[in-house]
Amino acid sequence: MLDMITQVNGTLNGIVWGWPALILLAFVGVLTTCITKCFQVSHFGHWIKNTIGAIFRDSEVTSHTEDRSISQFQSLCTALAATVGTGNIVGVAGAILVGGPGAVFWMWLIAFFGMMTNYSENVLGIFYRRKNEQGEWCGGAMYYLRDGLGAKKGCKQIGTILAVAFSVFCLLASFGIGNMTQVNSISGNLETVFGLPTWVSGVMLLILVGMVVVGGLKRIASVTEKIVPFMVIIYMIGTIVILIMNIRMVPVVFASIFKGAFAFRAAGGGIVGYGMKLAIEQGMKRGVFSNEAGLGSSVMVHSNSNVREPVRQGMWGIFEVFADTMIVCTLTAFTVLSSGLVDLETGVAVAECGGVALTKANVVSTVFTMYFGRLGGVFVAIAIMLFAYSTVLGWSHYGSKACEYLFGTRSTIVYRVIFVIATFGGAVMGENLAWDIADTLNGMMMIPNLIGVIVLSPIVYRITKNYVNRKIKNENVEPMLSNFADIQAEAAEAVANGAE
């Protein structure tokens, strides 16, 4: 059975992650960067001030809400919980081991343009969101595909089909990228570091996930806003310490990344140019796996924010990708590349270190062990456990929103129960198959979302221009806040009274 699943998945993966899909992903990033006049650079100070900077000066950003929405900071933490996961540790290491140091460059490039892809997704998510029967905001690619793309002349049917397709893929992906790969990484590390059997890890995780997920978004957000800042800062401190200890290697690592990104040398005895092909594929795939820009996933939690301005939430999307890839993934990459455990020409790991064969799952742990002793390996195991656990929590919300769109609000409790039970299966599943399935589901989810972003890019352009005219150029123009007249009127009144 597993052999058949592996074969079918391999065929699908080759289709959804072929060059046409990668080109489409890059095209959307370039398109959204151009139509916003390179917002991530031209208004760098503005979005920094209104995201991470606003946490320390604007109580509305962090204050808890009494209704069923969540704060802007909680939406960021829940989105980061889903994105800052094992992809930042295991995924980055895997990209380097397979694609060489050059994969890091392509990871940076796709993240640079991905900032504006994620921005555009969140702008559309807020603009097309609406409330369900319980008074909770519902937004995401399925809604802007149905109500945005579907509103175009002659596109109603295709908009509906793509919305359903996205929801189905998202529902399935929540068990892949959001569950199997994460839990699999936790159980593998706990077994390696502590000798804990995978089935014991599975039972433990089933309980820990169930305690939070069944409580819904409010409980998930309250947990992630505490876990995410702590785990990211602690992990960053650990990697920065190693980087300082290897500071003389920084120029060499930079050189290997840029050299490897455009190396037309033969790889592993293969054809000339194959090394560059692997670097691009691994960098782009792992970049998307890590920051999820283009998947349309994080918009489902960003849409639950108490924000009124679509661009304001869009800027949180920029920061999300920036923090995930440009900071956390980069620190992981430099930690691995400066350690001496990886050949800076090919990215191939040394055969073993201390009698332990190096794989993408344990290379970072091995690096930390080299510098901090056994405590370093324990630290990475705990970091992976927290990263992966928080990712599971975030993705449980994405899957529940897809389930709600397909089957109604009442179906979400059934979904959550199944999701919790599935964590045990992820703990005992083979590592490679879990990651391969997650790759495939990512690609299948990405394509309908990117089609929607392309078609609705003129809306993103108009909303961004409207915001810049009002907030940066101080022009007196009517705000563009929602596609729906009743929500637009309510939000416009709140914005006029000083709310954002």
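Q: Taking helices as DSSP runs of H or I with at least four residues, and strands as DSSP runs of E with at least two, both numbered from the N terminus, which helix gives the most to the lining of the largest cavity?
A: Helix H8 gives the most, with four residues. This is a predicted model, in which local features need pLDDT of at least 70 and side-chain atom pairs count only at pLDDT 80 or more, while totals for chains, interfaces and linings use all residues. Residues are numbered from 1 along each chain as its sequence is written, and side-chain values use heavy atoms, with hydrogens and water left out.

Q: What counts as a cavity and as lining?
A: On a 1 Å grid over the protein atoms alone, a cavity is a set of points where a 1.4 Å probe fits but cannot get out, and lining residues have an atom within 4 Å of a point. Grid points are joined across faces, edges and corners, and the volume is the space filled by probe spheres set on the points.

Q: How many cavities does that give, and how much space lies in the largest?
A: There are two cavities of 30 Å³ or more, and the largest holds about 50 Å³.

Q: Which residues line the largest one?
A: Its lining consists of Leu 25, Gly 29, Ile 110, Phe 113, Gly 114, Thr 117, Val 288, Asn 291 and Ala 293. Helices H2 (19–35), H8 (102–127) and H15 (274–291) each supply at least two residues of that lining.

Q: And what is the lining like, in terms of nonpolar, polar and charged residues?
A: Counting Ala, Val, Leu, Ile, Met, Phe, Trp, Tyr, Cys and Pro as nonpolar, Asp, Glu, Lys and Arg as charged, and the others, Gly among them, as polar, the lining divides into five nonpolar, four polar and no charged residues.

Q: Changing topic, how many disulfides are there?
A: Zero, where a disulfide is a pair of cysteine sulfur atoms within 2.5 Å.

Q: Why is Cys 34 not in one?
A: Because the closest cysteine sulfur, in Cys 38, is 8.0 Å from the sulfur of Cys 34, which is too far for a bond. Cys 38 is likewise in no disulfide, with the sulfur of Cys 34 as its nearest at 8.0 Å.

Q: Are those two buried or exposed?
A: With buried meaning under 20% relative accessible area, exposed over 50% and partly exposed in between (1.4 Å probe, protein chains only), Cys 34 is exposed at 55%, whereas Cys 38 is partly exposed at 24%.

Q: Where does Cys 38 lie?
A: Cys 38 is in the loop between H2 and helix H3 (39–42), and its phi is positive, near 55°, in a residue other than glycine.

Notes
On a 1 Å grid over the protein atoms alone, a cavity is a set of points where a 1.4 Å probe fits but cannot get out, and a pocket is an open set with protein on both sides within 12 Å along at least five of seven lines; lining residues have an atom within 4 Å of a point.
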